[in-house]
Amino acid sequence: MKFTDEQLERYSRHIILQNVGVTGQEKIMNGKVLIIGAGGLGAPAALYLAAAGVGTIGIVDGDVVDRTNLQRQVIHFTPDLNKPKVESAKEKMEAINPDVKVVTYKELVFANNIEGIIKDYDFIVDGTDNFPAKFLINDACVFNKKPFSHGGILRFDGQTMTYVPGEACYRCVFNSPPPKDAVPTCSQAGVLGAIAGMLGTIQAAEVLKFFIGEGELLTNRLLVFDALNMTFRTAPVKKNPNCPICGDNPTVTELVDAEQAMCDLRSRM
Amino acid sequence: MEFKIEKAIDLEGVVCPLNLVKVKVALEEIASGELLEVILDEGDAILNVPRSLKEEGHKVLKVVPLDRTFKVVIEKK
């Protein structure tokens, strides 16, 4: 790949890193990442990955920008209210870096469409806000051997782990979705805006490390932080022989749509 | 002793860290053990670029002061 002088300037702080260099930046620029959810986690992930020059960034979201999003979903601006989130996100990513090809999917992921969407990508970022989607992403990535970053935030807490084929998956740790309505969604429970940025940028860093092939990913480790006390810890996790999808006797053998917990935004309509 | 220079680049007037970026790009275009000749400005450029390259494992074989620049010969690791 031949860099233009503009690209050498734009990516100079990457290229001078010994662990990135010219070849690492080329790998980033050849990378294809899919971000599912253009919300609190997807916003910072999309911005940093666009800025980093990831070649193709797909972004999936069926919603439009709502005023309640603006406290944390920093890719959406006040004038974007009522605009499809994927369009709003695409405009900002292209404004940051015209090198990046952004592909939008104005839809939600379900069992019947997720495999078609993820198939063209090297890495998937879970930026969703509900358990059915998180389990669906895990299952689709396990079946299709796609690495992905799990991320979840609530109140002042965040957690993330990175799946690569053959290593511990989300279900190895969290067997199955919690009962409907047992867990509040973000719109019911509140979240400190800045922790969305903390977690989404960790996910973006994992994507970049995956592409350049340096360092240690959060595989077989669950990173948990509590921003109220500002403590971080990583808990080792293992591939689980009783895992319902990647264990010795799998019971999950096809993709299914778990029932969506009723969210107060929907019940309001 | 004469060196067989594989590639030469003139980075006079190119400031840090872009000069390092350009050296790294040029090093990508030669093979391990081959030599790159670089012209670097006095000051920050000559103080920093050879040091960074040594940290990455390349060898700085020769530094020749010129008028207001330096000629540096680097062996790619």
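Q: In this predicted model, which residue of S4(A) does A:Ile35 stand opposite?
A: A:Ile35 faces A:Val125 of S4(A).

Q: What makes S1(A) and strand S4 (residues 123-126) of chain A a pair?
A: Pairing requires at least two bridges between two strands. Four bridges join S1(A) to S4(A), so the two strands count as paired. They run parallel.

Q: Why are strand S3 (101-105) and strand S8 (231-236) of chain A called edge strands?
A: Each has a single partner strand, so one side of each is left without a neighbour in the sheet. The open sheet has eight strands in the order S3-S2-S1-S4-S5-S6-S7-S8 (chain A), with mixed pairing. From one strand to the next, the twist averages 15 degrees.

Q: Why is A:Cys172 called buried, and B:Cys16 partly exposed?
A: Buried means under 20% relative accessible area, and exposed means over 50%. A:Cys172 has 9%, so A:Cys172 is buried. B:Cys16 has 33%, which lies in between, and therefore counts as partly exposed.

Q: How do you know that A:Cys172 forms no disulfide with A:Cys246?
A: A disulfide needs two cysteine sulfur atoms within 2.5 Å. The closest cysteine sulfur to that of A:Cys172 is in A:Cys246, at 3.4 Å, so the separation is too far for a bond. A search of the whole structure finds zero disulfides over all chains.

Q: Which residues touch the most other members of the largest nonpolar core?
A: Among the 31 residues of this core, they are A:Leu34, A:Ile36, A:Ile114, A:Ile124 and A:Cys169. H7(A) supplies the largest share, six residues.

Terms used. Residues numbered from 1 in each chain as written. Chains lettered and ligands numbered in written order. Predicted model: local features only at pLDDT ≥ 70, side-chain atom pairs only at ≥ 80, totals over all residues. Heavy atoms only, no water. Buried < 20%, exposed > 50% of the residue type's maximum accessible area, 1.4 Å probe, protein only. Core = buried A, V, L, I, M, F, W, Y, C linked by side-chain atoms within 4.5 Å. Axes fitted to C-alpha atoms, helices over the stretch in contact; angles between N-to-C directions.
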